[in-house]
Amino acid sequence: MRTWVLFVVLVTVGPMFLMTCYASFPLNEVYALNNFREAIYEDPLLVFSNWNALDSDPCDWSGIFCSMARDHVLKINISGASLKGFLSPNLHLIFSLQELILHGNVLIGTIPKEIGLLKNLKVLDLGSNQLTGPIPLTLGNLSNIMKINLQSNGLTGKLPYELGNLKYLEELRLDRNKLKGTVPASNGSKFTSNVHGMYASGAKLTGLCRLSQLKVADFSFNFFFGSIPKCLHYLPKSSFQGNCLQEKDPRQRSTALCGGTPPAKSHPTQSNNKHQSAEGGARHKATSKPTWLLALEVVTGVIAGSLFLVAILTAINKYKNKSSFIIIPWKKSASEKDHMTVYVDTEMLKDVLRYSRQELEVACEDFSNIIGSSPDSLVYKGTMKGGPEIAVISLCVKEEHWTAYLELYFQKEVAELARINHENTAKLLGYCSESSPFTRMLVFEYASNGTLYEHLHYGEGCQFSWTRRMKIVIGIAKGLKYLHSELVPPFTISELNSNAVYLTEDFSPRLVDFESWKTIIARSEKNSGAISSEGAICVLPNSLESCHLDVQGNIYAFGVLLLEIISGRPPYCKDKGCLVDWAKEFLELREVLPYVVDPELKHFKYEDLTVICEVVNLCIHPNSSSRTSMRDLCAMLESNIDTSITAELKASSLAWAELALSS
């Protein structure tokens, strides 16, 4: 009997158990996560390195936390990862999501209104990013939310009254944005409160006054005007500092920064009465005025109206030049529902010089002086009138393929390049952005001696002595150390190779990032209107594959570049294969190290060669986490390699002749 009962239980429960074990993860949540990843175009810390788009179970992906049954995503926490990109509106498909924490990244664009569909969300932390545009009204639908952190962004517009619907909200941080208007909170005529900010039941509460659970709130360093709502007086004064509030507090912004005092509010009835009485009085006066006075008033009115119209048109034109917003198709569709609004804040380019296409055309001899080309861009040489020589990079992309995301990416890239300032990096002088004809250009200071690749593989060997090569090596190392260690956040070269190193008249190297648009433009032409990103191109061991570019990728590429400089061989040759594979057999044995050296060289210093090869081995270590930082690599090169003229004279009896040729 027992055996029969056990058999029945197994037959009944067994299939259910197996179905539970093998139930697939909700496809909509996996799709939403992959869509979130695609909207990120830079991942310098390789957070997404274990995110496999073909994996149906994302619970082991970095930053993803699932339920005990591993059937739903409950939390996304990717903070301080320097992710650059946009917030995907499809995150709302993860309907069980309770915490969305993306604090301390470089997210741009707007907060999607679809976030308001996450009914189970308890924590929303998008603080310390570069988000713009208004706070969506739909955030008032987050019925279970307990914490909202939107601090340190570039959010604009008014604070939505709808936030007063969040009855469980305990923490609200909106400081350090560009929010305007009044703090939406009203308690009616009757108001009493206790120490904890609870209000009398007789008071008519609206807006933020309805947040009975609110314990922490910060509205500081925005542009709120009016007065602090009485129902929020329990908050510390520091929560309202740095605004335009009518408070006798030196910590409020000055009137100049606030753009003047906002107009006082008046009761609608009184306003209407005044308007009616004034209108009646005016009508009465009009009947008693002489004809000449009426004619004078009419002429004056016309002139004043014309001036007012001119002022309005000028202001509109100025506003259009200053900032604008654009509708962006998230995916190809004629439906308005598939569009989202992204505000392009051109304030980020206010300190970057903007050239007109006409002046660049004149400087570059009608764009006939082409010094470089690729499927993605053309490089022109030019000379500004009374100014420096320039290199102009024109992006090759059709206007119909230029999405709003590309426009915003272009502006961000210009702002990124403009902050770079080092003797071993190319200096961005400005940019050109015009619609007729469609033009997107970057203007750099020109390095007159061409690329390092040209000198290594097409130049004369006698012009490229060992000491000169060592100076170039140390210059490149200094430039990379600056980009990786001294810039905050760090900057990486999209495709670090000898074509990305330009040389000045005295053969000083300048690192240039011309290739960052390669995959972006290719993707835009393939998927016009869609957004996706797989990162930039960088060199990986034993292959030339595409990957998410990071600091470690630059370090590996630097090792390959060192081999190219000392050997005179290209990184990859169809006949001889990969340079790293060829050099490995020599790098492991000190007695055969000289075989790595370019046979064109008349002499070299063995001590320098051993240092270079040691650095190469550190750079190309198979485990990226074991590679030495550029700060330490640069210190090794600078302290162990002597590039002075005295050192070169000691090294070779032919140094005088080489020195004469290279001067």
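Which residue in β24 stands opposite alanine 391? In this predicted model, the partner of alanine 391 is phenylalanine 444. That pairing is a convenient point of entry, and the description below proceeds outward from it.

The protein chain as a whole contains 16 helices and 28 strands. Of its 663 residues, 46% are buried. Among contacts with a separation of 6 or more, 58% are between residues that lie 24 or more positions apart.

The strands around alanine 391 may be taken in order of sequence. Strand β20 covers residues 370-373 and pairs with β21 in the antiparallel sense, over three bridges. These two strands form a hairpin with three residues between them. Within this pairing, glycine 372 has valine 379 in β21 as its bridge partner.

Strand β21, residues 377-383, is in turn joined to β22 by seven bridges, and the two run antiparallel. Two positions illustrate the register: serine 377 stands opposite leucine 395 in β22, and leucine 378 has serine 394 as its bridge partner. The hairpin of β21 and β22 has five residues between the strands, and glycine 386 there takes a positive phi near 70°.

On its other pairing, β22 is joined by five bridges to strand β24, residues 438-445, again with an antiparallel course. The opposition of alanine 391 and phenylalanine 444 relates a residue of β22 to one in β24.

How many of the seven residues of strand β22 are buried? Six of the seven residues, in a strand that spans 389-395, are buried, so β22 is largely enclosed by the rest of the structure. For β21 the count is five of seven, and therefore this strand too is largely enclosed by the rest of the structure.

Tyrosine 446 is found in the loop between β24 and α8, the latter covering residues 452-457. Leaving aside neighbours within four places in sequence, tyrosine 446 is in contact with Ile371, Lys381, Glu389, Ile390 and Ala391. Lysine 381 and tyrosine 446 are 65 residues apart in sequence, yet their C-alpha atoms are 7.5 Å apart in space. Alanine 391 thus appears again, in contact with tyrosine 446 as well as opposite phenylalanine 444.

Phenylalanine 444 also leads to the internal cavities. A search of the whole structure finds five cavities of 30 Å³ or more. The second largest has a volume of about 80 Å³, and Phe444 is one of the residues that line it. The lining also includes Leu417, Ile420, Leu428, Phe491 and Asp513. By class, the lining residues divide into 10 nonpolar, one polar and one charged.

Helix α7 may be considered next. This helix, residues 404-418, has 15 residues and reaches 21 Å from its first C-alpha to its last, close to the 21 Å expected at 1.5 Å a residue. Helix α7 is mostly covered, with 13 of its 15 residues buried.

A further site lies later in the sequence. Threonine 628 belongs to the loop between α13, residues 606-619, and α14, residues 630-640. Is threonine 628 buried or exposed? Its relative accessibility is 18%, and because residues under 20% are classed as buried, threonine 628 counts as buried. Leaving aside neighbours within four places in sequence, threonine 628 is in contact with Ile555, Leu618 and Leu633.

Key:
Residues are numbered from 1 along each chain as its sequence is written. This is a predicted model: local features need pLDDT of at least 70, side-chain atom pairs count only at pLDDT 80 or more; totals for chains, interfaces and linings use all residues. Side-chain values use heavy atoms; hydrogens and water are left out. Helices (H or I, at least four residues) and strands (E, at least two) are DSSP runs, numbered from the N terminus. The expected span of a helix is 1.5 Å times one less than its number of residues. Buried means under 20% relative accessible area, exposed over 50%, partly exposed in between (1.4 Å probe, protein chains only). Contact means heavy atoms within 4.5 Å. Two strands pair if DSSP finds at least two bridges between them. On a 1 Å grid over the protein atoms alone, a cavity is a set of points where a 1.4 Å probe fits but cannot get out, and a pocket is an open set with protein on both sides within 12 Å along at least five of seven lines; lining residues have an atom within 4 Å of a point. Grid points are joined across faces, edges and corners, and a volume is the space filled by probe spheres set on the points. Ala, Val, Leu, Ile, Met, Phe, Trp, Tyr, Cys and Pro count as nonpolar, Asp, Glu, Lys and Arg as charged, and the others, Gly among them, as polar.
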